[in-house]
Amino acid sequence: MQVFSTNPWFQSLSQQAAEALLEATTTVPVAAGAFLFRQGDPVDPGANAFFGVASGALKLSIFNAEGDEVILTLVEPGNWFGGVSTLDQQPRGHCAVALEDAEVLAVSAARFEALMRDAAFAAAIARLVAMRLRLAYGSLASAALQGTRVRVARRIAMLAHGDVSQSAQGRATINTSQDALAMMLGISRQTLSKELQALVKLGAIRLRYGHIEIQDMSQLLGVS
């Protein structure tokens with residue numbers, strides 16, 4: 001499918017591996033607000049395990065016992081996710097929820113394991129997991145070592161490059177809501193608003209209803 005052809009990870013697959021992956025999928029619609037899977041769900045051989053977003057967008061979130069939510073990342077069209085629980089045979093560590101009406105291509109655990117018998121595909125999955133782990137470590141380091149304004153600026157920059165996809169070509173408009181951005185950063189909506197206004201004064205961004213426009217990426221990345 002065309003939507004996957006521009007994704008950096010999917011582009012790294014051989015034509016044979018890419019075709020085998022797409023042939024192993026079934027199409028699953030996910031209505032806005034619905035769960036694709038929930039934190040703690042087991043992954044048995046018949047369950048869908050690995051997913052590619054064909055349209056719409058999903059958020060990967062963790063909920064605590066009180067129901068408070070932290071958004072880990074957003075998954076936009078062209079991206080693949082969800083294979084880790086198949087690899088380690090453990091229940092899902094987070095939820096996947098549709099932010100809008102979405103359509104995903106789903107690979108069952110059994111078919112995913114069959115695909116993994118191909119060494120080239122297994123190596124590609126290892127690269128995908130390593131990339132996601134690197135992003136997670138970067139987010140943890142940012143939270144521990146950098147100030148709030150820097151964290152806000154860096155996360156906006158990441159979203160401009162597709163968050164988990166980290167495409168080389170960035171975009172000028174971020175459609176993520178400010179509520180969602182605050183939950184990604186683990187800060188209050190009020191704190192986020194203050195930091196966004198500071199970035200506006202620097203000329204790095206412009207705020208518009210429902211989205212953020214990046215005015216100067218170098219200014220955004222230069223925040224300290």
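**Note on the predicted model**

1. Q89 is exposed, with a relative accessible area of 53%; exposed means over 50%, buried means under 20%, and partly exposed lies in between, with a 1.4 Å probe and protein chains only. Q89 sits in the loop between helix 4 (84-88) and strand 7. Helices (H or I, at least four residues) and strands (E, at least two) are DSSP runs, numbered from the N terminus. The phi of Q89 is near 60 degrees, which is a positive value in a residue other than glycine.

2. On the basis of the note: this is a predicted model, in which local features need pLDDT of at least 70, side-chain atom pairs count only at pLDDT 80 or more, and totals for chains, interfaces and linings use all residues. Residues are numbered from 1 along each chain as its sequence is written, and side-chain values use heavy atoms, with hydrogens and water left out.

3. One open sheet has 4 strands in the order 2-7-4-5, with antiparallel pairing; two strands pair if DSSP finds at least two bridges between them. Strand 2 (35-37) and strand 5 are the edge strands, each pairing on one side only. From one strand to the next, the twist averages 30 degrees, where axes are lines fitted to C-alpha atoms (for helices over the stretch in contact) and angles run from 0 to 180 degrees between N-to-C directions. Between strand 2 and strand 7 (residues 95-98), the antiparallel pairing covers 2 bridges. F37 has A96 of strand 7 as its bridge partner.

4. A second open sheet, also listed with 4 strands, has the order 1-8-3-6 and antiparallel pairing. Strand 1 (26-30) and strand 6 are at its edges with a single partner strand each, so one side of each has no neighbour in the sheet. Strand 3 (residues 48-55) and strand 6 run antiparallel and are joined by 2 bridges. For F51, the bridge partner in strand 6 is F81.

5. P77 belongs to the loop between strand 5 and strand 6 (80-81). P77 counts as partly exposed because its relative accessibility is 38%. Apart from neighbours within four places in sequence, P77 is in contact with V3, V53, A54, S55 and G56; contact means heavy atoms within 4.5 Å. The C-alpha atoms of P77 and V104 are separated by 8.7 Å, and these residues are 27 apart along the chain.

6. L72 is a residue of strand 5. With 37% relative accessibility, L72 counts as partly exposed. Together, I62, V70 and L72 make a nonpolar surface patch of about 210 Å². Patches are made of residues with over 30% relative accessible area and no salt bridge, with like charges joined within 9 Å and nonpolar side chains (Val, Leu, Ile, Met, Phe, Trp, Tyr) within 5 Å. A salt bridge is a side-chain nitrogen of Lys or Arg within 4 Å of a carboxyl oxygen of Asp or Glu. The areas come from the Shrake-Rupley method with a 1.4 Å probe; for residues, only the protein chains shown count as cover.

7. S139 is part of helix 6 (residues 119-145). Its relative accessible area of 31% is why S139 is partly exposed. S139 and L72 are 67 residues apart along the chain, and their C-alpha atoms are separated by 9.6 Å.

8. Helix 8 is mostly covered, with 6 of its 8 residues buried. The buried residues are Q178, A180, L181, A182, M184 and L185. Their cover includes strand 5 (69-75), helix 7 (148-160), helix 9 (189-202), strand 10 (205-208) and strand 11 (211-214). G186, just after helix 8, takes a positive phi of about 70 degrees.

9. T176 is in the loop between strand 9 (173-174) and helix 8 (178-185). T176 counts as buried because its relative accessibility is 11%. Not counting residues up to four places away in sequence, T176 touches L74, L159, L181, M184 and G210.

10. G210 also appears in a hairpin: strand 10 and strand 11 have 2 residues between them, and G210 in the turn has a positive phi of about 85 degrees. Strand 10 and strand 11 pair in the antiparallel sense over 4 bridges. R208 has H211 of strand 11 as its bridge partner.
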